[in-house]
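Ready for a short set of exercises with the model open beside you? Try each task by eye before reading its solution.

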Amino acid sequence: MQATPSPSALYEILSQIQRHNRFVLTSHARPDGDGVGSALATQQILRSLGKQAEVVLHDPVPRNYRNLPFAESIIHAGSVDGSYDAAILLECDSLQRTRLQGLEGKFLINIDHHIGGRPFAHVNWIDPQACATAELVYRLARESGAPISPEMATCLYTGLVADTGSFMFEGTSEHTFALARELVLAGATPPQVAQSLYFSHSIAKMRLLGAALSNLHREGDIAWIWVTRDQMERVGALDEDCEGLVNYALAVHGVEVAAFFRELSDGRFRVSLRSKGRVDVTTVASQFGGGGHRCASGCSADGPLAHAIADIVGNLRRVSSVQ
Ligand SMILES: [Mn+2]
């Protein structure tokens, strides 16, 4: 892979790893493939450097990432105990994003690739050029001298595939494939990862997809779909089953931006926004207190459903006509 100069934050992280012994690793609530894969790979780096490291996540690991190496060791908890002296947060723009209690007061290391990444920690390595946090963790592994085991490569490759939409999203470049090649050389198996990611859905998720698609609406270059609590309950779907449904709205010919609305138990709506590249959906997400990337963002909106749709679609329409 073409060598990219390593930032000073990377060296600062390596020096802080030497100075601490017991690490807690975490990612944001409702973790995605990049969050889970990057945290598990970081755990392997630290353990091979002789450190104690545990992954603690606020929410359960989504079904399609439970086959990842060492995923069974992930601790599902609302707080971390006092025995850790340092925390590494992956993909988080704040402590709150983890929803974990007890991180305050620890030495904090932040590794993120989001444009809206914020330097809230003692050491912050934020690189929006990276296509996934997994890419940054791979560089950390290389610089640390930790061996890239097939297990670590599998975790990082999963993060890369998940965050690039299987090498389809905007930003996917020769650099992405070079990284993928290195991970495959190190032992990641693409068909096996694809099997877990794309061919291991529950029947409930597929039925939810049917319900969501029956709510597909389109207006010019904007399409949106939604699911209500009632629809989710009827098919026995979990929140994690909504992951990726927004991409079906984006799949329509001529659609540039797509929105997916998931009703929350408090009557508000969780909104996922996607773009094919022309429109920057972070501008809309940030107006509603959310964030993300140009092509993939999220936020929340007040209900009822018609109100949430009018708010979000109205803003998408405005942004889409300007950009
Ligand atoms: Mn990511």
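## Exercise 1: a covered strand

Strand E4, residues 86-90, is mostly covered, with 5 of its 5 residues buried. Keep in mind that this is a predicted model.

**Task.** Work out which residues of E4 lie on one side and which on the other.

**Solution.**
- Start with one face: Ala86, Ile88 and Leu90 lie on this side, and all are buried.
- Turn to the other face: Ala87 and Leu89 are there, and they are buried too.
- Put the two together: both faces of E4 are covered. For this step, recall the cut-off: a residue is buried if 20 or more other C-beta atoms lie within 10 Å of its own.

## Exercise 2: from one strand to a sheet

**Task.** Find the strands that pair with E4, and then give the order of the sheet.

**Solution.**
- Look at strand E1 (residues 22-27): 5 bridges join E1 to E4, and the two run parallel. Within E4, Ala87 is the bridge partner of Val24.
- Next, follow E4 to strand E5 (residues 107-112), where 5 bridges again give a parallel pair. Here Ala87 has Leu108 of E5 as its bridge partner.
- Extend the pairing in both directions: the open sheet has 6 strands in the order E3-E2-E1-E4-E5-E6, with parallel pairing.
- Check the ends: strand E3 (75-76) and strand E6 (123-126) each have a single partner strand, so one side of each is left without a neighbour in the sheet.

## Exercise 3: helices across the sheet

**Task.** Say which strands helix H1 and helix H2 lie across.

**Solution.**
- Helix H1 (residues 8-19) lies across E4, E5 and E6, at about 135° to E6.
- Helix H2 (residues 33-48) lies across E1, strand E2 (52-57) and E4, at about 165° to E1.
- Compare the two lists: E4 appears in the one for H1 and in the one for H2.

## Exercise 4: the nonpolar cores

**Task.** Which residues have the most contacts inside the largest nonpolar core?

**Solution.**
- The largest nonpolar core has 58 residues, and those with the most contacts inside it are Ala41, Val137, Leu156, Tyr157 and Leu160.
- Helix H4 (residues 150-163) gives the most to this core, with 8 residues.
- Zoom in on Leu160: its contacts, leaving out residues up to four places away in sequence, are Cys131, Ala132, Ala134, Glu135, Leu179, Ala180 and Leu183.
- A second, separate core holds 37 residues, including Met232, Val281, Cys299 and Ala308.

## Exercise 5: two domains

**Task.** Describe how domain 1 and domain 2 sit with respect to each other, and which classes of residue domain 1 brings to the contact.

**Solution.**
- The domain assignment gives domain 1 as 8-197 and domain 2 as 204-322.
- Their C-alpha centres lie 27 Å apart.
- Across the boundary, 9 residues of domain 1 are in contact with 10 residues of domain 2. The domain 1 side has 3 nonpolar, 2 polar and 4 charged residues.

## Exercise 6: a sheet with mixed pairing

**Task.** Trace the open sheet that contains E7 and E11, and find a helix packed on that sheet.

**Solution.**
- The 6 strands follow the order E7-E8-E9-E10-E12-E11, and the pairing is mixed.
- Strand E7 (217-219) and strand E11 (291-292) are at the edges, each with a single partner strand, so each has one side without a neighbour in the sheet.
- Strand E8 (residues 222-227) and strand E9 (residues 257-263) run parallel, joined by 6 bridges; Ile222 has Val257 in E9 as its bridge partner.
- Helix H11 (residues 305-322) packs on the sheet, touching E8, E9, strand E10 (269-275) and strand E12 (296-301), and its direction makes about 160° with that of E9.

Conventions. Residues are numbered from 1 along each chain as its sequence is written. This is a predicted model: local features need pLDDT of at least 70, side-chain atom pairs count only at pLDDT 80 or more; totals for chains, interfaces and linings use all residues. A residue is buried if 20 or more other C-beta atoms lie within 10 Å of its own, exposed if 12 or fewer, and partly exposed in between; C-beta atoms are placed from the backbone. Helices (H or I, at least four residues) and strands (E, at least two) are DSSP runs, numbered from the N terminus. Two strands pair if DSSP finds at least two bridges between them. Two residues are in contact if their C-beta atoms, placed from the backbone, lie within 7 Å. Axes are lines fitted to C-alpha atoms, for helices over the stretch in contact, and angles run from 0 to 180 degrees between N-to-C directions. A nonpolar core is a set of buried Ala, Val, Leu, Ile, Met, Phe, Trp, Tyr and Cys residues joined through C-beta atoms within 7 Å. Domain bounds come from an automatic or database domain assignment. Ala, Val, Leu, Ile, Met, Phe, Trp, Tyr, Cys and Pro count as nonpolar, Asp, Glu, Lys and Arg as charged, and the others, Gly among them, as polar.
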